[in-house]
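User: I've got a structure on my screen and would like to talk it through. Can you take my questions one by one?

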Amino acid sequence: MPAIWWLGAGRTGLHAEDSLPFELLELSEREWRDLLSTDTYRVLRRERTEPAFSSPLDGVYRDGTYVCAGCFLPLFSSEHKYDSGTGWPSFWQPIDDRHIGTRRDFRLIIPRTEYHCARCGGHQGHVFDDGPEPTGQRWCNNGLALRFVPAGEALPALRTGVNG
Ligand SMILES: [Zn+2]
């Protein structure tokens with residue numbers, strides 16, 4: 001599998017590497033393991049799903065931005081968050097389509113659509129079509145894969161390597 005397998009996996013399938021509004025972050029699995037907590041590593045790099053109702057972010061509705069816990073790319077806004085009742089932070093759209101890549105996932109009998117951070121490839125969650133208006137989408141995200149930045153606080157600089 002090529003190291004940058006998620007390229008071109010954006011929702012429209014039209015994104016080429018040179019059209020992305022950010023530099024990709026590619027680290028080895030060893031580097032990710034060293035950077036992340038064990039639980040966060042399992043979600044972001046091994047596509048595990050955290051237990052329902054385990055994330056404090058599920059109940060957060062303050063204004064702010066949700067950035068990728070791996071590379072700090074903004075992925076979701078509080079403007080698009082809602083209570084899906086599932087026990088996972090849920091949104092009806094991402095902050096920017098270009099920041100998300102998707103892939104069909106056949107781990108369950110019924111195919112579902114896995115999505116990930118387009119910059120570092122970190123697994124975030126799955127998108128379903130039973131969400132609220134106006135999109136009808138439910139972006140069901142692992143809280144461990146996100147970091148919440150309250151409105152008024154500066155967003156973290158994008159991670160560029162193992163040291164920052
Ligand atoms: Zn990322």
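User: Let's start with confidence. Which residues have a pLDDT that stays under 50?

Analyst: Keep in mind that this is a predicted model. Overall, the protein averages a pLDDT of 90, and 87% of the residues score at least 70. One stretch stays under 50, and the model has 26 contacts beyond four places in sequence for it. That stretch is residues 1-15.

User: Now the sheets. In the open sheet of 6 strands, which strands stand at the edges?

Analyst: The order to follow is E3-E4-E8-E7-E6-E5, with antiparallel pairing. Two strands there have a single partner strand each, so one side of each is left without a neighbour in the sheet. Those edge strands are E3 (81-82) and E5 (100-105).

User: Sticking with E5, what is the bridge partner of Asp105 in E6?

Analyst: E5 pairs with strand E6, residues 112-117, in the antiparallel sense. That pairing runs over 6 bridges. Asp105 takes part, and its bridge partner in E6 is Arg112.

User: And the open sheet of 3 strands: which strands stand at its edges?

Analyst: Here the order is E2-E1-E9, again with antiparallel pairing. The edge strands have a single partner strand each, so each has one side left without a neighbour in the sheet. They are E2 (74-77) and E9 (146-150). As for the twist, from one strand to the next it averages 30 degrees.

User: What does Val67 stand opposite in E2?

Analyst: E1 and E2 pair in the antiparallel sense, over 3 bridges. Look along E2 for the residue facing Val67, and you land on Pro74.

User: On to the backbone oddities. Which peptide bond is cis?

Analyst: Most peptide bonds are trans, so a cis one deserves a look. Check the loop between strand E7 (123-128) and strand E8 (138-141), where Pro134 lies. Omega is near 5 degrees for the cis bond, which runs from Glu133 to Pro134.

User: Glu47 has a positive phi too, right where in the chain, and how many C-beta neighbours does it have inside 10 Å?

Analyst: Glu47 isn't a glycine, yet its phi is about 60 degrees. You'll find Glu47 in the loop between helix H2 (38-46) and strand E1 (64-68). It counts as partly exposed, because its C-beta neighbours inside 10 Å number 17.

User: Then Phe53: buried or exposed?

Analyst: Phe53 is found in the loop between H2 and E1, and has a positive phi of about 65 degrees although it is not a glycine. The cut-off for exposed is 12 or fewer C-beta atoms within 10 Å. Phe53 has 11 such neighbours, so it counts as exposed.

Notes
Residues are numbered from 1 along each chain as its sequence is written. This is a predicted model: local features need pLDDT of at least 70, side-chain atom pairs count only at pLDDT 80 or more; totals for chains, interfaces and linings use all residues. Two strands pair if DSSP finds at least two bridges between them. Helices (H or I, at least four residues) and strands (E, at least two) are DSSP runs, numbered from the N terminus. pLDDT is the predictor's confidence in each residue, from 0 to 100. Two residues are in contact if their C-beta atoms, placed from the backbone, lie within 7 Å. A residue is buried if 20 or more other C-beta atoms lie within 10 Å of its own, exposed if 12 or fewer, and partly exposed in between; C-beta atoms are placed from the backbone. Axes are lines fitted to C-alpha atoms, for helices over the stretch in contact, and angles run from 0 to 180 degrees between N-to-C directions.
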